[in-house]
Amino acid sequence: MKKLTSRHFISAVLIFTVIAGFILDKAGAFHFLELKNYDSRVNFCAPSRTVSDDIIFIMVDQSSIDEAASRYGWSWPWPRETYGRILNYLDDGNAATCTYDILFTEPSVYGPEDDEAFAKSLGNCLNTKPIIAQFWDGDEENPGVLKPLDIFSNSAAFLANTTSIKDSDDIIRRTRISNTINGEELTFMGFVPPVLMGETLDDLPYEKDGTLKLNYKGSIDDYTHYTAIDILKSIEALEKGQDPEYESSNFQDAHVFVVYYAPGLFDICSTPVNKVYPGSGVSMTALDNYLTNSFIIPARGFVNLLLLIFFAALGTLGSFWCGKRKNTVKIAAALLVFYLLGLALILVLVYGLFLFRVDIKFINLLFAFAFSSIAMDSITFILEGKQKRFIKGAFSQYLSPAVINQLIENPEGLKLGGEKRNISIFFSDVQSFTTLSEGLSPESLTDLLNVYLSAMSSIILKSGGTIDKYEGDAIIAFWNAPVDIPNHSLKALMAAVECQETLSKMEDFFVKKVGRPMWTRIGLNTGDAVVGNMGSESRFDYTMFGDSVNLASRLEGLNKQFGTYLMCSEETKLQAQKNGSSSKDNATDSCPLYFRPLGKVQVVGKTEAVSVYEPITESTYLEKKESLETFEKGLNLFYEGKLEEALALFKSNAGDAPSQKYAEKCAAILKTSGWQENWRGIWIAEAK
């Protein structure tokens with residue numbers, strides 16, 4: 001079976017997001033939210049829109065009704081002859097059209113003569129395009145046409161439909177050019193002027209259902225407007241030969257709407273810009289959009305699909321990239337910034353294009369980005385959890401919890417296979433363990449080993465070390481892999497010292513178990529080695545190899561020849577002291593240990609000698625200072641080839657094991673003829 005990779009997961013998320021987004025969009029899952037976001041964009045852009053100067057409305061408002069009552073003695077409704085006078089005034093001013101958004105479906109309360117006077121004005125217009133009398137098409141379930149009186153229908157140039165299209169939330173966002181009811185085509189009021197003027201309406205940005213999205217430009221009051229009473233007073237002034245407040249020429253070439261604007265008279269509808277909006281405003285907006293070529297332009301299906309794919313890919317790849325950060329905090333921070341930037345990009349794109357009247361689906365893109373991001377985050381989280389479980393399972397036996405947590409936070413710190421690292425290496429072996437174990441039953445031996453190995457391993461792991469393996473009673477460990485351990489050589493030294501101190505504290509336990517204390521010999525070296533998971537795909541060990549590893553092993557065994565239990569190489573000592581004094585034998589602020597020089601040793605298998613030291617604590621140094629100084633004097637004589645003098649000093653240093661071992665070595669060399677030739681002051685190891 002082919003192994004699943006990140007590429008497979010990314011592809012799966014991307015494909016699923018695009019398909020899900022496409023299906024949910026077609027199913028209408030985003031419809032309501034898209035409508036609300038559309039309203040938000042309309043309101044965002046409305047302040048920057050400019051209304052057409054060619055649209056004017058005359059409003060029959062409450063002030064007009066009140067003043068007409070006091071000035072002319074008119075009760076409500078007004079005489080229809082009044083609307084005829086307004087029409088004649090507009091005709092004199094060469095208005096292009098005059099639209100009455102008023103229902104004239106009942107005979108005038110002032111008698112037939114009143115209706116005849118208005119009809120005469122409708123039929124006698126010379127300059128203004130034929131006047132449009134308004135009609136209504138009833139409700140959609142029981143469509144019917146509520147027309148003006150025949151006397152007006154026959155006199156008007158056109159009968160216009162005032163019914164608007166409401167979306168599911170009763171908000172008017174779009175319109176049609178016309179509706180067909182009972183076989184009769186009814187043109188929407190806002191489009192009657194261009195129809196009368198013989199203009200084509202074929203090239204408008206229609207939706208798939210044949211509707212047009214209206215580009216609302218704010219309040220209806222943004223259009224030039226006059227009160228009916230002001231127009232009537234201007235007409236009265238002209239009839240008296242006086243100068244009017246408003247010349248009829250103000251309306252030249254304008255499309256004029258005469259509308260009810262008093263509370264309780266006009267029909268109220270809801271639009272994106274206002275929940276309480278005069279119905280006349282919808283007609284004016286439609287005409288405005290036509291005259292200024294400013295209808296909202298719907299993005300075509302393939303554009304929305306491409307953007308859906310883009311933001312799904314952005315969410316998938318971006319989230320995957322964020323998940324590659326080094327730790328949880330950085331991942332969270334990267335994801336937060338990424339989410340905010342992604343949202344900002346969508347907002348800038350959707351709202352920015354809407355400024356240019358292009359309508360792109362917002363919720364669809366937000367879904368694509370958010371869903372793909374969350375899906376990729378979830379997969380990353382699952383895979384990361386699997387990786388964490390792998391790391392814990394693979395390393396819990398030989399890494400400290402702190403190091404494991406560091407690996408989990410920074411998994412790139414673990415490289416499968418081998419890598420070259422500078423590490424500090426630890427080899428230990430219990431003195432005469434074979435002889436000690438011969439008197440124990442298998443169960444007792446197992447218990448003894450478990451206690452010993454647990455105590456030693458705990459110290460190593462606590463210091464950040466890695467347990468390579470156990471070989472019977474032997475422990476092999478190292479520091480600075482698989483993750484970086486600052487000043488790893490000092491950590492290794494301090495752990496080795498603590499191991500020896502712990503064994504001393506456990507002396508009573510071992511005496512009780514095996515009849516004597518347990519001593520362990522430890523060798524430490526610092527150097528480059530290859531570290532990594534070695535083995536097959538099904539079974540491997542995290543281990544090390546290289547010359548520096550072999551030297552650490554040799555130093556552990558070399559303790560026997562010097563009578564010591566802890567020995568380190570010069571490289572380990574120098575790295576531990578690198579931030580302090582360069583003294584070879586004194587402790588520093590950065591390294592609290594003292595290093596007793598043991599000699600220059602040529603280990604088995606090597607031709608070059610290495611300097612080795614016995615790390616000791618300050619208390620031990622102070623306790624044995626005189627003895628240590630005597631040993632060092634003898635060692636210097638040994639280096640100079642003055643073996644007889646060195647022998648005498650070593651013998652005099654009773655109780656010091658390395659001095660006695662050097663005394664034996666000096667005595668043996670002195671018995672060898674020709675030893676003075678090519679003397680180098682080197683201790684040549686006799687065994688591993």
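These legends go with a set of close-up views of one predicted protein chain.

**A few ground rules.** This is a predicted model, so local features need pLDDT of at least 70 and side-chain atom pairs count only at pLDDT 80 or more, while totals for chains, interfaces and linings use all residues. Residues are numbered from 1 along each chain as its sequence is written, and side-chain values use heavy atoms, with hydrogens and water left out.

**View 1. The whole chain, before zooming in.** The protein chain holds 23 helices and 23 strands; helices (H or I, at least four residues) and strands (E, at least two) are DSSP runs, numbered from the N terminus. Of its 688 residues, 51% count as buried, that is, under 20% relative accessible area, with exposed set at over 50% and partly exposed in between (1.4 Å probe, protein chains only). A contact here is heavy atoms within 4.5 Å. Take the contacts between residues at least 6 apart in sequence, and 73% of them join residues at least 24 apart.

**View 2. How confident is the predictor, and where?** The yardstick is pLDDT, the predictor's confidence in each residue, from 0 to 100. The chain averages 87, and 86% of the residues score at least 70. Among the elements, strand E3 (residues 132–135) has the lowest mean pLDDT, 60, and E20 the highest, 97. Over residues 580–585 the value drops below 50, and this stretch has 13 contacts in the model beyond near neighbours in sequence. Where pLDDT is low, the predicted coordinates should not be read in detail.

**View 3. The largest nonpolar core.** A nonpolar core is a set of buried Ala, Val, Leu, Ile, Met, Phe, Trp, Tyr and Cys residues joined through side-chain atoms within 4.5 Å. This one has 38 residues, and Phe426, Tyr452, Ile475 and Leu524 touch the most other members. Elements that each supply at least two residues include strand E15 (418–430), helix H16 (488–505) and strand E18 (520–535). Helix H15 gives the most, with nine residues. Leaving out residues up to four places away in sequence, Phe426 touches Ile460, Ile475, Ile476, Ala477, Trp479, Ala496, Ile522, Gly523 and Leu524. Another core, of 36 residues, lies apart from it, with Leu204, Val259, Tyr277 and Val282 among them.

**View 4. Helix H18 meets helix H23.** The axes of H18 (residues 547–562) and H23 (residues 657–670) come within 8 Å and cross at roughly 75°. The axes are lines fitted to C-alpha atoms, for helices over the stretch in contact, and angles run from 0 to 180 degrees between N-to-C directions. H18 and H23 are therefore roughly perpendicular to each other, a label covering 65 to 115 degrees (under 35 is roughly parallel, over 145 roughly antiparallel and the rest oblique). Lys560, Gln561 and Phe562 of H18 make the contact with Ala657, Pro658, Lys661 and Tyr662 of H23.

**View 5. Odd backbone in the loop between E17 and H16.** Asn480 sits in this loop, and its phi is near 85°, a positive value in a residue other than glycine. At 10% relative accessibility, Asn480 counts as buried. Pro482 lies in the loop between E17 and H16 too, and a cis peptide bond joins Ala481 and Pro482, with omega about 5°.

**View 6. Two loops flanking helix H4.** Pro77 is in the loop between helix H3 (62–72) and helix H4 (80–92), and the peptide bond from Trp76 to Pro77 is cis, with omega near 0°. Asn94 lies in the loop between H4 and strand E2 (97–101). Although not a glycine, Asn94 has a positive phi of about 60°, and at 32% relative accessibility it counts as partly exposed.
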